[in-house]
Amino acid sequence: MENNPDNLVEYGFRRAIVTIVAILCSLLEIVDTTIVNVALNDMKGSLGATLSDVSWVITAYAIANVIIIPMTSWLSQQFGRRNYFTASIIIFTVTSFLCGNSTNIWELVIFRFIQGLGGGALLVTAQTIITESYPVEKRGMAQAIYGMGVIMGPTLGPPLGGYIVDHFSWPFIFYINIPLGIIATILTLMYVKSPKYSEKLKANQVDWLGIVYLTMFVGSLQYVLEHGQQDDWFNNNTIITLSIISFFGLLFFIKRELSYKYPIVNLRVLKDTNLRVGVLLSFILGFGLYASTFLIPIYTQSILRWPATAAGMLLIPSSVMTAFMMPLVGKMLQKGVSQKYLIVIGFLVFFFFTFWMYKIMTPDTGEEHFWWPLIMRGIGLGLLFVPITSLSLSNLKGKEIGDGAAFTGMLRQLGGSFGIAIVTTFISRFGQEHRAQLVAHLDKTSFQVQNQINMMQKGFMAKGFSFNEALNKAHQVLDFQVMKQANVLAFMDIFLYLGILFLICIPLVMVLKTGKSTINPADAMH
């Protein structure tokens, strides 16, 4: 190669290709996180599995993701970044084929786990590759381009999955990765460069204990988050045991990484205040992004009775708006607009989105009511993603950029898992509370209630039901209406609390030092 290998900045055509490969890979990984959600029913049928078995298809992938992300920076140094990135794409592509060909549910779960190990690596490595291919003054723009992939991904998954399941069959949600994976592998080998790292570790220096503790911590935590609600949280022995394992895994992991000479995860980069607060903000961003991506399709499908594809399509304008915002935000950062102010405005806009959703939710909200709130969501996410990432990494140099990117990536994913777990729990908890309150206020002796029951009873008798059967059916309908109303109130509560969470973050942002958007290019390189 004619370029000095230590200088990773690319120009012109080469930079365009590197950017396309990095976005393609991060999109592949993130779309795969959510594309499966719509296909679970079909998998259940064709593989003869129960709903709790089939939910492992999502859990296994998420656990593998969260385990591999923090180790990515270290693995890149061991094997060379290009080799590691290529290997991850190949693992992801081959296991996509094996997932589609699975003959029973546990085969599928094992292949999904291995696919998650390949996929998690793609996400963070793509971010580091993009960051380093752009000169320092254009880093904000680089993060914007990468961010488009990360925010579009979760939203593209459900409608794409819905379309494939409706028109083909579920294995095709995996087969679709194969041609894209092959193209990405070839382009990576041709165009992506590896930084020069100092000597690699010998096998006996590898932090095996660190890997074990990390796996104990995040693997157990991810399981608890995914299965807590359906297993009744701390009334379940498995959940209690895994929570304890996760807690001690975290303690041992921190102790090990701070004392071992060659740690698998460089915790020392967290000395930087901007990265510490940035990691927390990434967690909140993941929480808001995944929780809202999860809530809206569930609300439209379970309460408003929309078909899967329509529910998935609803989020697309929001994603397009985010994609439109990203380059604008990148340009603002280049012109020296403070990241802090953009983040504060982003949190405010996201709060307005949740408050607006809280206002429009009814048992029969029309599609047209969602348009503007979701556009607002797109603007908010667009204002948050790039400034949070560039502020987190703004004081880091050289190898630390990869370590920092791994932390922000891991916490965004964990934030998403927490978001979905907490939201699932609260939908059923708040739903039960509201149902109890509504039933308490439902006066069976009031004229209005009696009148409604009589009307429904007469309607059922006209269809040929006996007096008692018709009365029973009328009570069932009333009960169903109460339940539906209780669920709507639960969704409203969750959106309101989500908004308050984003408001609370604003004072946090104000303590940050605004990062320099121009660092000495020599420092930024490995």
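Tutor: Let's start with burial: a residue is buried under 20% relative accessible area, exposed over 50%, and partly exposed in between. Keep in mind that this is a predicted model.

Student: Why is Phe-426 called partly exposed?

Tutor: Its relative accessibility is 36%. Partly exposed is the label between 20% and 50%, so Phe-426 gets that label.

Student: And what makes Phe-430 buried?

Tutor: Phe-430 has 11% relative accessibility, and the cut-off for buried is under 20%, so Phe-430 counts as buried.

Student: Why is the pair of Phe-426 and Phe-430 called stacked?

Tutor: The ring centres are 4.9 Å apart and the planes are at 5°. Rings pair if their centres lie within 6.5 Å, and planes under 30 degrees apart count as stacked. Both conditions hold, so this is a stacked aromatic pair.

Student: Why are Phe-426 and Phe-430 about one helical turn apart?

Tutor: Because they sit four residues apart in helix 18 (residues 399-441).

Student: How many aromatic pairs does the structure hold?

Tutor: There are 22 aromatic pairs. One of them joins Tyr-213 and Phe-252.

Student: Why is the pair of Tyr-213 and Phe-252 called tilted?

Tutor: It has 5.4 Å centre to centre and 45° between the planes. Under 30 degrees would be stacked and over 60 edge-to-face, with the rest tilted, so 45° makes this pair tilted.

Student: What makes this a link between distant parts of the chain?

Tutor: Tyr-213 belongs to helix 11 (residues 208-227) and Phe-252 to helix 12 (residues 237-259), 39 residues apart. As for burial, Tyr-213 is at 18%, so it counts as buried, while Phe-252 at 40% is partly exposed.

Student: How do you know that Arg-15 lies over the face of Tyr-134?

Tutor: Arg-15 is 4.5 Å from the ring centre. The distance limit for a charge over a ring is 6 Å, and the charge must also be within 35 degrees of the ring normal. Arg-15 is listed as lying over the face, so it passes the angle test too. Arg-256 does likewise with Tyr-260, at 4.1 Å from the ring centre.

Student: Which polar contact does Arg-15 make with Thr-19?

Tutor: The backbone oxygen of Arg-15 lies 2.7 Å from a polar atom of the Thr-19 side chain; the limit is 3.5 Å. Thr-19 is found in helix 1 (residues 12-35), and it touches Ile-130, Tyr-134 and Ile-145, leaving out residues up to four places away in sequence.

Student: Is Thr-19 buried or exposed?

Tutor: Buried: its relative accessible area is 7%, and the cut-off is under 20%.

Student: Why does Gln-143 count as buried?

Tutor: Its relative accessibility is 2%, and anything under 20% is buried. Gln-143 has its place in helix 8 (residues 139-167). Beyond its neighbours within four places in sequence, it is in contact with Gln-127, Thr-131, Phe-385, Val-386, Thr-389 and Leu-393. The C-alpha atoms of Gln-143 and Pro-387 are separated by 8.6 Å, although these residues are 244 apart along the chain.

Student: What makes helix 5 mostly covered?

Tutor: Seven of the eight residues in helix 5 (residues 72-79) are buried, including Trp-74, Leu-75 and Gln-77. Among the elements covering them are helix 4 (56-68), helix 7 (105-133) and helix 18. Just after helix 5, Gly-80 takes a positive phi of about 85°.

Student: Which residues have the most contacts inside the largest nonpolar core?

Tutor: Phe-347 and Phe-370, in a core of 126 residues. Helix 13 (residues 273-303) gives the largest share, 16 residues. Phe-370 touches Tyr-299, Trp-306, Leu-314 and Met-357, among others further than four places away in sequence. Phe-347 is also part of an aromatic cluster with Phe-350, Phe-353, Phe-495 and Phe-502.

Student: Why is the chain called as compact as a globular protein of its length?

Tutor: Its radius of gyration is 25 Å, and the globule rule gives 24 Å for 526 residues; the two are close, so the description applies. The chain has 21 helices and zero strands, and buried residues make up 56% of it.

How values were computed. Residues are numbered from 1 along each chain as its sequence is written. This is a predicted model: local features need pLDDT of at least 70, side-chain atom pairs count only at pLDDT 80 or more; totals for chains, interfaces and linings use all residues. Side-chain values use heavy atoms; hydrogens and water are left out. Rings of Phe, Tyr and Trp (its six-membered ring) pair if their centres lie within 6.5 Å; planes under 30 degrees apart count as stacked, over 60 as edge-to-face and the rest as tilted. Helices (H or I, at least four residues) and strands (E, at least two) are DSSP runs, numbered from the N terminus. Buried means under 20% relative accessible area, exposed over 50%, partly exposed in between (1.4 Å probe, protein chains only). A nonpolar core is a set of buried Ala, Val, Leu, Ile, Met, Phe, Trp, Tyr and Cys residues joined through side-chain atoms within 4.5 Å. Contact means heavy atoms within 4.5 Å. A polar contact is a pair of N or O atoms within 3.5 Å; within protein, one must be able to donate a hydrogen and the other to accept it, and residues adjacent in sequence count only if both atoms are side-chain atoms. The radius of gyration is taken over C-alpha atoms; the globule rule is 2.2 Å times the number of residues to the power 0.38.
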